[in-house]
Amino acid sequence: MSKTMAVNAGSSSLKFQLLEMPEEKVITQGMVERIGMPDAVITIKYGADIEPVRLIGAEEGQISLTKNGGQKYEHVLAIKDHHEAIDIMLQRLSDLGIIKDFQEITGVGHRVVAGGEWFNQSVVVTDEVLAKIDRLAAYAPLHNPANAMGIRAFQKLLPHAISVAVFDTSFHQTMPEKNYLYSLPYEYYARYGARKYGAHGTSHRYVMERAAEKLGIPLKEFNAISLHLGAGASVTAIKNGKSYDTSMGFTPLAGLTMATRSGDVDPSLIYYIQEREGLSNEEMLKVLNTKSGLLGISTISSDMRDLEDVQETNIHAKLALDMFYDRVIRYAGQYFAELGRVDAIIFTAGIGENDPVTRAKVLNALQFAGVVLDETANNVRGKETVITKPESTVTGLLIPTNEELMIARDVEHLKNNS
């Protein structure tokens with residue numbers, strides 16, 4: 001019996017989940033937020049039956065009971081960098097009695113957003129792999145540098161554990177050339193790798209496998225449209241159990257309207273605005289990544305829930321929501337045409353799992369394809385369920401994603417085969 005840590009490092013955050021493998025039992029999960037700030041927050045959730053190894057003083061944080069009967073540790077403190085964040089997190093796992101010996105953690109799996117064409121599957125991290133992750137930073141500038149920081153910090157603190165990189169882009173390496181190339185001079189692809197790479201591959205892979213299993217369809221025969229709808233959002237066409245097309249592009253900026261990301265924009269318009277606003281390339285990219293999407297259109301919030309609360313009286317909030325629905329429907333409709341036959345349409349991630357309104361908007365717009373929404377079933381939130389009626393020619397599914405489990409499974413596979 002061993003334990004595997006699944007890690008998702010952001011520029012100022014670190015999410016983690018510790019699983020007992022191969023039983024796939026979640027032992028604890030949590031996150032560190034606002035890394036680099038004097039008021040960083042570390043949160044750890046774990047079972048009610050775990051006893052602390054030593055008493056945690058008030059100046060070291062607080063332990064409280066959760067609504068589901070578990071325990072939650074929380075502490076606000078200054079954390080200067082990812083290395084310190086991981087060091088403190090591991091120490092608290094020991095103090096709280098969650099980990100008796102760090103040797104129990106035999107593997108650490110890291111989410112890495114961009115793997116380019118170098119990685120079509122998860123790999124054991126070597127110096128060469130880490131160097132390539134660094135070189136791919138331009139493909140995911142908001143993610144890859146942070147992912148690499150997390151890898152290095154864990155390698156230093158847990159040198160005995162196998163380190164595995166799990167790439168968001170690897171699932172999409174099965175796309176045909178006609179779908180991943182842009183209509184640019186081919187030499188740009190040959191020289192610079194200018195093509196569509198996609199993202200959210202680990203999530204799309206998980207819900208695809210779960211949906212095929214639930215419907216009793218062999219994966220190699222399974223066609224689906226997977227909608228990962230959260231702050232970052234993407235739609236993927238799955239053909240015969242493989243990624244066939246996806247909405248995100250060279251970076252995770254393209255495709256749908258997202259929380260703060262613009263999605264698809266005419267490149268000429270970007271240049272037009274940049275010239276008139278006097279913005280540098282970096283400043284324009286910041287606008288597209290952090291000031292656009294739902295936030296940019298609504299002018300008030302990047303959160304769907306906030307916009308839904310005021311859409312009756314705020315025309316900008318309603319417009320932002322309508323644009324979000326429209327872009328999802330547009331891509332889903334396109335992928336129906338591309339696939340020809342669709343067994344399932346799958347909703348996952350924060351919005352996909354918890355917003356019945358979005359699911360209804362999308363599925364009702366797809367009635368032309370034989371989709372028949374079950375309004376009663378669709379009212380559920382965050383629970384795996386079928387949300388279409390029996391007569392629907394395409395099965396609508398709500399499947400909560402579990403990227404951490406997929407990461408842990410890949411670690412286990414490589415651990416046993418390396």
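1. Two strands are said to pair if DSSP finds at least two bridges between them. By that criterion strand S11 (residues 233-239) pairs with S12 in the antiparallel sense, over 4 bridges, and within this part of the model, which is a predicted one, Lys239 stands opposite Lys242 in S12.

2. The wider setting of these strands is an open sheet of 6 strands with mixed pairing, in the order S12-S11-S10-S13-S15-S14. Its edges are formed by strand S12 (242-246) and strand S14 (385-386), each of which pairs on one side only. Helix H6 (residues 201-215) packs on this sheet and touches strand S10 (224-229), S11, S12, strand S13 (344-348), S14 and strand S15 (395-398); the direction of H6 makes about 130 degrees with that of S13. Helix H11 (residues 315-339) also packs on the sheet, where it touches S10, S11 and S12, and its direction makes about 160 degrees with that of S10.

3. Within helix H11 one may look at Leu321, which is buried because its relative accessible area, 0%, falls under the 20% cut-off. Leaving aside neighbours within four places in sequence, Leu321 is in contact with Met304, Leu307, Glu308 and Gln311. The C-alpha atoms of Leu321 and Val53, which are 268 residues apart along the chain, are separated by 49 Å.

4. The N-terminal strands deserve a separate comment. Strand S1 (residues 2-9) and S2 pair in the antiparallel sense over 8 bridges, with Met5 standing opposite Leu18 in S2. S2 also pairs with S3, again in the antiparallel sense, over 7 bridges, and here Lys15 stands opposite Met31 in S3. Strand S2 is mostly covered, since 7 of its 8 residues are buried.

5. Which backbone features should be checked in the loop between strand S2 (14-21) and strand S3 (25-33), where Pro22 is found? A cis peptide bond joins Met21 and Pro22, with omega of about 10 degrees. S2 and S3 form a hairpin with 3 residues between them, and Glu24 in the turn has a positive phi of about 60 degrees, although Glu24 is not a glycine. Most residues other than glycine have a negative phi, and most peptide bonds are trans. Glu24 counts as partly exposed because its relative accessible area is 31%, which lies between the 20% and 50% limits.

6. A positive phi, near 60 degrees, is also found at His200, a residue other than glycine. His200 is in the loop between helix H5 (186-192) and H6. Is His200 buried or exposed? At 7% relative accessibility, His200 counts as buried, because this value is under 20%.

7. Arg92 may also merit inspection. It lies in helix H1 (residues 82-95), and Arg92 is classed as buried because its relative accessible area of 9% is under 20%. Not counting residues up to four places away in sequence, Arg92 touches Ile44, Arg54, Glu60 and Tyr73.

8. Helix H14 (residues 403-417) has 15 residues and reaches 21 Å from its first C-alpha to its last, which is close to the 21 Å expected at 1.5 Å a residue. The buried residues of H14 are Glu403, Leu405, Met406, Ile407, Ala408, Asp410, Val411, Glu412 and Leu414. An α-helix has 3.6 residues a turn, so residues three or four places apart point the same way.

9. Turning to open space, the second largest pocket has a volume of about 850 Å³. Of the 27 residues that line this pocket, the closest to its centre are Phe250, Thr251, Leu253, Ile270 and Leu285. The elements that give two or more residues to the lining are helix H7 (267-277) and helix H8 (281-290), and H8 gives the most, with 4 residues.

10. As for enclosed space, a search of the whole structure finds 2 cavities of 30 Å³ or more, and the largest cavity has a volume of about 40 Å³. Its lining consists of Val113, Ala114, Tyr139, Ala140, Thr169, Tyr197, Gly198, Ala199, Phe250, Thr251 and Pro252. Phe250 and Thr251 thus appear in the lining of the largest cavity as well as among the residues closest to the centre of the second largest pocket.

Note on methods:
Residues numbered from 1 in each chain as written. Predicted model: local features only at pLDDT ≥ 70, side-chain atom pairs only at ≥ 80, totals over all residues. Heavy atoms only, no water. Buried < 20%, exposed > 50% of the residue type's maximum accessible area, 1.4 Å probe, protein only. Contact = heavy atoms within 4.5 Å. Expected span 1.5 Å × (residues − 1). Axes fitted to C-alpha atoms, helices over the stretch in contact; angles between N-to-C directions. 1 Å grid on protein atoms, 1.4 Å probe; cavity = no way out; pocket = protein on both sides within 12 Å on 5 of 7 lines; lining within 4 Å. Points joined across faces, edges and corners; volume = space filled by probe spheres on them.
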